[in-house]
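Okay, thanks everyone for coming. Let me put the model up on the screen, and then I'll walk you through what I found in it.

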Amino acid sequence: MMFCPKKIKIFPPLKDSWDGPEMSRPARMLEVVFGGGRACYGSKDETFPTLGPLTAMEQTCSYCYKLALLLNEADVEYIPYIANISLGDDKPDWLEACNPKKETPVARLQGRTEWIAGSDVIMSTLAETDERVRAVIERRREDVNDNHEQVVKKALMSVLGGVMFGPTVGLKRAVKIGGVGVMLLKMVGLVTPDIEKEVEEEMKKQMERKGAESEASSEDIVVDVDDVDEGLNVRSLVQTCMSEAFETIERLIACGHGDEGRMFLCGKAPGVMDFGAAVDLAFFFQPSFEVFLAKHDIRYRVGPNCRAWHARMTSLPHWRSGMGAGHSDGRAAAMKTIITKLVLWSKDPGYPERAASEELLRSTMRDFPPAYIEDTGKEELRSDDMDAVNGGTSLDSVTAKLCV
């Protein structure tokens with residue numbers, strides 16, 4: 001178990017196995033459990049087996065990253081732990097003791113034995129007891145409201161949903177195809193209850209029509225998703241969501257130093273909205289991600305004000321505090337987690353495009369090198385951890401949540 005009496009700036013590289021906190025005693029200081037994964041799982045990875053050798057465990061959960069940014073912005077000391085949430089049902093037993101749902105982040109306050117789960121709950125709880133945290137959370141601008149925040153939040157989720165369908169798929173057809181892609185489109189409001197109702201009625205009419213034309217029982221009748229009203233094109237809607245997000249930030253941010261009150265979305269200094277937006281939009285400032293989206297007919301433009309804001313965020317001394325090893329900021333591991341799940345969970349065969357997905361992962365690992373752990377002699381790897389990763393459970397990573 002790792003104990004550090006000072007604020008963590010960067011999680012240690014080459015760390016493969018993380019022991020959990022000691023449950024039988026109250027916390028000596030704030031303890032936080034972050035969710036982890038890897039940029040590469042080696043040759044045993046059936047989805048992308050040629051990416052390279054096994055890499056170190058890194059923090060990959062965006063909700064955890066936002067919390068870490070807040071804690072370090074508020075200068076709060078804490079003890080970090082990383083729980084491997086990429087192995088599905090093989091998540092560590094000690095994580096279940098912290099949170100029966102085995103989700104991250106979870107935390108316990110100094111002197112407490114009980115754990116609290118969820119980034120929003122953790123932040124609000126800390127705000128009640130620590131004025132430094134409260135001061136950061138209260139950073140707001142009068143001209144920035146919840147609607148702006150919701151528009152920005154839609155960008156990543158909508159794009160991830162969009163690449164899971166082909167270029168000609170309409171919204172109604174996407175609903176009929178189903179799967180995680182539709183779930184993501186629902187989260188950003190593109191798939192509404194009205195659209196779902198329309199699709200349900202269309203499917204019912206098709207069933208009735210085919211039933212009248214056939215002597216087969218209703219259980220044997222199959223409705224062809226190609227024989228439907230397409231509706232509005234999914235990728236066009238996604239591109240609109242993404243454009244609105246960047247245009248919103250472009251309007252809200254001052255490019256130069258003449259207006260300090262508009263340097264960040266929360267004012268003169270970054271706040272919770274800045275942390276959330278910067279983490280969610282980080283991939284979009286990566287050239288290889290832009291290429292990946294272009295291959296799926298999704299394009300976007302980032303203006304100078306938005307780029308200036310992103311540069312300010314990434315220049316914060318604690319920008320890397322929430323993620324992991326090497327020079328990757330955990331980005332390579334986070335990208336691997338997301339892309340693998342998109343590929344394996346897609347209901348529209350061939351999307352996202354496998355070749356484009358693999359090239360994105362390779363480019364991310366090249367631009368943000370993760371820490372490799374084999375043959376270094378610097379860490380003693382636990383054989384049970386390695387068996388779980390390299391054995392039959394490695395693909396269970398797709399059963400974990402999309403950490404975005």
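**Core, pocket, salt bridges and odd backbone spots**

So, start with Phe 289: leaving aside residues up to four places away in sequence, Phe 289 is in contact with Val 159, Phe 283, Phe 284, Tyr 300, Met 335 and Leu 360. Before I go on, keep in mind that this is a predicted model.

Phe 289 belongs to the largest nonpolar core, which has 96 residues. Phe 289, Phe 284, Leu 293 and Trp 309 are the ones that touch the most other members. Which helix gives this core its largest share? That's helix H9, residues 234–252, with 9 residues. There's also a second core, separate from that one, with 11 residues, including Tyr 81, Ala 83, Leu 95 and Cys 98.

Okay, pockets. The largest pocket holds about 630 Å³ of space. It has 25 lining residues, and nearest its centre you find Tyr 63, Lys 66, Glu 149, Lys 153 and Asp 280. So what is the lining made of, in terms of nonpolar, polar and charged residues? The split is 15 nonpolar, 4 polar and 6 charged. As for where the lining comes from, H5 supplies the largest share, 7 residues. Helix H1 (62–73), helix H3 (119–129), helix H5 (146–162) and helix H10 (272–281) each put in at least two.

Now the charges. Side chains of opposite charge can pair when their charged atoms come close. Searching the whole structure turns up 20 salt bridges. Let me show you three.

Number one on my list is Glu 31 with Arg 108, where the closest N and O atoms are 2.5 Å apart. Glu 31 sits in strand S1 (residues 31–37) and Arg 108 in strand S4 (residues 106–108), so this pair ties together parts 77 residues apart in sequence. Are these two buried or exposed? Glu 31 is buried, and Arg 108 is buried too.

Next up is Arg 235 with Asp 297, at 3.5 Å between the closest N and O atoms. Here Arg 235 is in helix H9, while Asp 297 is in the loop between helix H11 (287–294) and helix H12 (304–314), so the pair links parts that are 62 residues apart in sequence. The two ends sit in different burial classes: Arg 235 is buried, at 4% relative accessible area, whereas Asp 297 is partly exposed, at 41%.

The last pair is Arg 262 and Asp 259, with a salt bridge at 4.0 Å, N to O. Both ends are partly exposed: Arg 262 has 26% relative accessibility, and Asp 259 has a relative accessible area of 33%. Going back to Glu 31 and Arg 108, salt bridges with shared partners join them with Glu 22 and Arg 25 in one network.

Finally, the backbone. Where are the cis peptide bonds? One joins Thr 104 and Pro 105, with omega about 5°, and Pro 105 is in the loop between helix H2 (93–98) and S4. Another runs from Tyr 351 to Pro 352, with omega near -5°, and Pro 352 is in the loop between helix H13 (331–345) and helix H14 (354–367).

That H2 to S4 loop also holds Lys 102. Lys 102 isn't a glycine, yet its phi is positive, near 55°, and at 15% relative accessibility Lys 102 counts as buried. And Asp 297, from the salt bridge with Arg 235, has a positive phi too, about 60°, again without being a glycine.

How values were computed:
Residues are numbered from 1 along each chain as its sequence is written. This is a predicted model: local features need pLDDT of at least 70, side-chain atom pairs count only at pLDDT 80 or more; totals for chains, interfaces and linings use all residues. Side-chain values use heavy atoms; hydrogens and water are left out. A nonpolar core is a set of buried Ala, Val, Leu, Ile, Met, Phe, Trp, Tyr and Cys residues joined through side-chain atoms within 4.5 Å. Buried means under 20% relative accessible area, exposed over 50%, partly exposed in between (1.4 Å probe, protein chains only). Helices (H or I, at least four residues) and strands (E, at least two) are DSSP runs, numbered from the N terminus. Contact means heavy atoms within 4.5 Å. On a 1 Å grid over the protein atoms alone, a cavity is a set of points where a 1.4 Å probe fits but cannot get out, and a pocket is an open set with protein on both sides within 12 Å along at least five of seven lines; lining residues have an atom within 4 Å of a point. Grid points are joined across faces, edges and corners, and a volume is the space filled by probe spheres set on the points. Ala, Val, Leu, Ile, Met, Phe, Trp, Tyr, Cys and Pro count as nonpolar, Asp, Glu, Lys and Arg as charged, and the others, Gly among them, as polar. A salt bridge is a side-chain nitrogen of Lys or Arg within 4 Å of a carboxyl oxygen of Asp or Glu.
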